[in-house]
Structures are given as C-alpha cells and as structure tokens.
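Student: Could we go through this model and ask, for each label attached to it, what justifies that label?
Tutor: Yes, let us set each value against its definition and then conclude.

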Amino acid sequence: MVADAVLLDAMSRAIAESRSAAGVSSPNPPVGAVIIGERGDVIAVGSTRPPGGPHAEVVALEAAGEAARGATAVVTLEPCNHTGRTGPCARALIDAGVARVVYAVADPNPAAAGGADTLREAGIEVVSGVGAADVVDGPLRGWLHRQRTGRPLVIAKIAATVDGRVAATDGTSQWITGDAAREDAHLVRSGLDAIIVGTGTVLADDPSLTARDPDGVLRPHQPIRVVMGHRDIPGSARIRDDSAPTRFIDSHDPAAVLAALPDALVVLVEGGPSILGAFFAADLVDEVHAYLAPVILGAGANAVADLGVSTLAQAHRFATVAVTRLGDDVRLTLRRGSTA
C-alpha cells in the first residue's frame, strides 16, 4: 500500500504537471495526472492537451504503457465519465488495469461527474480529497470558478508607484516597475486565456500584450488579446500582428466583454484606469496583482478611475494572500473572500 505521504508527493507532482495546461486546455480543465508504482515510484506523468486532444489521465496512461497495470493513478480532478470530443477517462483507467485511483477534487460538472462510481463498480479502489486544498488554489481555480459562477475568473493587474500613480503628469509610464516585476507579469500572462485592455491603452502605448521570456522570445502559449471600446485601432498597431490572436469587442460593458469569451477560464484586465475602474465598479474583479515600485510621484494618473466611493464603508476590500518581492518591487496578490 502506498503511504499517504507518497500520495501527497504524487499529487504535488500532478499539480505541477497541470500548470503546463493552464490556458492551453480551455475550456476543458487544466488537469495533471501521475502514475505511480507499488513503491511510490513515478512511472509516468501527463497533463490535459488542447481541446480535442487527450486528457491528463490518457496522456499518462499512454506514457506508462503496460506498467500502468496494477499501478495507482493520482489525478487532480475526478476522472470524467462522459464522451465528448474524447472518450471517458474513467473507462481508459479501467481498460489500462490500474488498481487504484486517487483524486483531489470531485467534478462539479453534472455532464462529466460520476467517474469515481464507475471506477468503484469496476473493482478499482478510489480515494478522494487528497491534496484538495492545494488543487483548488492551483491551476484548477479558474475552471472551478467558471463552473460555479458561469464566467471566467478575473484578475486585475496594477503596476504603480507606492502612492498609487501609473503615470507622471506628462504621461510617462515606462517603466515604473523593474525587470523582475515585468518578467513575473509575463509569466502570469503565459497561463492565461485572455488579456483585456481598452482602446485608449492601445492608442496611447501601442502594447504587444504577448507573453515573452526574459530574452524577449514568445512563450509557447499566448493568451487572446482583447480590446474593448469603440475607437478604431490603426492597422499598424502591434496588437494587430500575428504573434497572438486578437479580438476587438465594441463595448464598454465588462459583463458583455466576459460573455463574449465563453471558453475563457482566467482573464487578466490590464487596461488603464478607466477599464480597471469599470471592472471594479461592476464587481467583477476576483483577484488583484498589484506590482508596487518604491517610487513616489505625488501627482499623475491614478491606478483606478473614480468608482463613486465616497466613504470608507463603500470601499472594495480584498484579502492579501501573498506578498512577493521582485527586485526592488513587490507584488501583492489580493483575493475576494468568496473566490479564494
């Protein structure tokens, strides 16, 4: 029997594998799977491929081959029990002859749930809940959020001075934060489904809105660049190049923009003060990444436009879940209690 500590280690490995599926598997959940032997040795790993491709369990089983027979499969999400563009993972595990399936989180989607019961009926031992807290807080968070709310998880990005300015009075804003903070922001981008900005940001800054490594090379996954607003964007704008897909949504309504992204699980709002203000005012921000630089301007553009808050009791409040030092800058990760 594999020890509990070994199962937790295997689940940590499965979570790590699932990170490579973030933004890639959407609208399917980014799942990770690990096949381990009787002594806890890792036989194979897998993560969910793009839509139409195999799920994590099938990827891991194919890598394990005959070694999967009698082994334990450790999966971040309950194996699916339905046939969509691919077959049910529960049946694949049964056919592979695994002896035990360990998963962290039950599938909340009624169409796909029931895999655990199917496995048990086939004589396979099933253990649930292992590492559930880490999985819920990991790459599956956005998918679980969409299952619960019907919309993507929304992250608002702010890069500002410690007095809350995103530009000086002359409009200069590059760069308030340093290299380490920008590198972190690009790493975050690489696991997203979409980056949302307004036409004002595109016209003022001509951003590329791509996910790049420190050498400037495009990362394997590029989120959709979403431009919301009514103003025309010139054909020469960098956002119109072929380095990443781009969508133009003729609306100032944050809810309408999210509704136009039915496959997105996690989106980043990286627009200027007006766009950020619109999402906060609509109560659609679930998480904030606030990159703060040790810089004082005293005047200039505020990070977020006026929300109509006239008293402290009306303030939008978040919980601090992480403080990360990035060179001289820090990143505050803030979350709403209802989506943590």
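**From cavity lining to core**

Tutor: In this predicted model, the lining of the largest cavity comprises five nonpolar residues, two polar ones and no charged ones.

Student: Which residues line the largest cavity?

Tutor: The lining consists of Ile15, Ser18, Pro30, Thr76, Val135, Pro139 and Leu140; Ile, Pro, Val and Leu count as nonpolar, whereas residues outside the nonpolar and charged lists count as polar, so Ser18 and Thr76 fall in the polar group.

Student: What is the volume of the largest cavity, and how many cavities of 30 Å³ or more does the search find?

Tutor: The volume is about 30 Å³, and the search of the whole structure finds one cavity of 30 Å³ or more.

Student: What makes helix H2 mostly covered?

Tutor: Buried means under 20% relative accessible area, and seven of the nine residues of H2 (residues 56-64) are buried, namely Ala56, Glu57, Val58, Val59, Ala60, Leu61 and Ala64.

Student: Against which elements do the buried residues of H2 pack?

Tutor: They pack against strands S1 (32-36), S2 (42-47) and S3 (72-77), and against helix H3 (89-96).

Student: How many residues has the largest nonpolar core, and from which domains does this core draw at least three residues each?

Tutor: The largest nonpolar core has 59 residues, with Met11, Ile35 and Leu119 having the most contacts inside it, and this core draws at least three residues from each of domain 1 (4-144) and domain 2 (151-336). A second, separate core of 26 residues includes Val166, Ala194, Val226 and Ala264.

Note on methods
Residues numbered from 1 in each chain as written. Predicted model: local features only at pLDDT ≥ 70, side-chain atom pairs only at ≥ 80, totals over all residues. Heavy atoms only, no water. Buried < 20%, exposed > 50% of the residue type's maximum accessible area, 1.4 Å probe, protein only. Helix = DSSP H or I, 4+ residues; strand = E, 2+ residues; numbered from the N terminus. Contact = heavy atoms within 4.5 Å. 1 Å grid on protein atoms, 1.4 Å probe; cavity = no way out; pocket = protein on both sides within 12 Å on 5 of 7 lines; lining within 4 Å. Points joined across faces, edges and corners; volume = space filled by probe spheres on them. Core = buried A, V, L, I, M, F, W, Y, C linked by side-chain atoms within 4.5 Å. Domains from an automatic or database assignment.
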